[in-house]
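Q: I would like a close look at a single part of this model, followed by an account of what surrounds it. Please keep the definitions explicit.

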Amino acid sequence: MEKILEFIKECKVFYFSTVSGDEPRTRPFGAIMLDGDNFYVTTGKKGNTYKQVLLNPNVQIVALLNGTRNWVRITGKVRENTDIKKKEKMFIANPILEKRYNTVMDENLALLELYDIKVDTHFVK
């Protein structure tokens, strides 16, 4: 999983897809963390992403390395993780989060833990 994380970080931007009703919704994300075997992302509790995963936890992450045909796709489900220590790790791993959230205690910050994941990769040599 470490190699998958390294690849996603190298891409700088990845795409996070949720389900809204019966339609997919995809948006660019930049912050991701691996802790143990679990990937984590963040979102704001006031936004549509958070509302969508509460109703339907099925998500997908896709990262494509610019200028290549190399990609990673992670399909799974998410649940909110409220562990402050995990949020602190997320902030350390992704300092950019400090620009959006005041602290790990920010009431708008939702840490989403991916589970039941399947990882697909495509790397052209």
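How many residues in the lining of the largest pocket are nonpolar, how many polar and how many charged?

A: The lining of the largest pocket divides into five nonpolar residues, six polar and one charged, where Ala, Val, Leu, Ile, Met, Phe, Trp, Tyr, Cys and Pro count as nonpolar, Asp, Glu, Lys and Arg as charged, and the others, Gly among them, as polar. This is a predicted model, in which local features need pLDDT of at least 70 and side-chain atom pairs count only at pLDDT 80 or more, while totals for chains, interfaces and linings use all residues. Residues are numbered from 1 along each chain as its sequence is written, and side-chain values use heavy atoms, with hydrogens and water left out.

The pocket has a volume of about 200 Å³, a volume being the space filled by probe spheres set on grid points that are joined across faces, edges and corners. A pocket here is an open set of points, on a 1 Å grid over the protein atoms alone, where a 1.4 Å probe fits and protein lies on both sides within 12 Å along at least five of seven lines; lining residues have an atom within 4 Å of a point. The lining consists of Phe29, Gly30, Ala31, Thr42, Thr43, Gly44, Gly47, Thr49, Ile96, Leu97, Arg100 and Tyr101. Strand 4 gives the most to this lining, with three residues; strands (E, at least two residues) and helices (H or I, at least four) are DSSP runs numbered from the N terminus.

Strand 4 belongs to an open sheet of seven strands in the order 2-1-5-6-7-4-3, with antiparallel pairing, two strands being paired if DSSP finds at least two bridges between them. Strand 2 (23-29) and strand 3 (33-35) stand at the edges with a single partner strand each, so one side of each is left without a neighbour in the sheet. Neighbouring strands are turned by 35 degrees against each other on average, direction ignored.

Strand 4 (residues 38-44) is joined to strand 3 by three bridges, and Asp35 stands opposite Asn38 in strand 4. Strand 4 also pairs with strand 7 over five bridges, in the antiparallel sense, and there Gly44, one of the lining residues, has Leu109 of strand 7 as its bridge partner.

Further along the sheet, strand 7 pairs with strand 6 over ten bridges; among the opposed residues are Arg79 with Glu113 and Asn81 with Leu111. Strand 6 is joined to strand 5 by seven bridges, with Asn58 opposite Lys77. Strand 1 and strand 2 also pair over seven bridges, and in the turn of their hairpin, which has two residues between the strands, Gly21 takes a positive phi of about 65 degrees.

Helices cover parts of this sheet as well. Helix 1 (residues 2-11) lies across strand 1 (14-20), strand 3, strand 4, strand 5 (58-64), strand 6 (71-81) and strand 7 (109-122), running at about 100 degrees to strand 6. Helix 3 (residues 84-93) packs on the sheet and touches strand 3, strand 4, strand 6 and strand 7, its direction making about 135 degrees with that of strand 3. Contact means heavy atoms within 4.5 Å, and the angles, from 0 to 180 degrees, are taken between N-to-C directions of lines fitted to C-alpha atoms, for helices over the stretch in contact.
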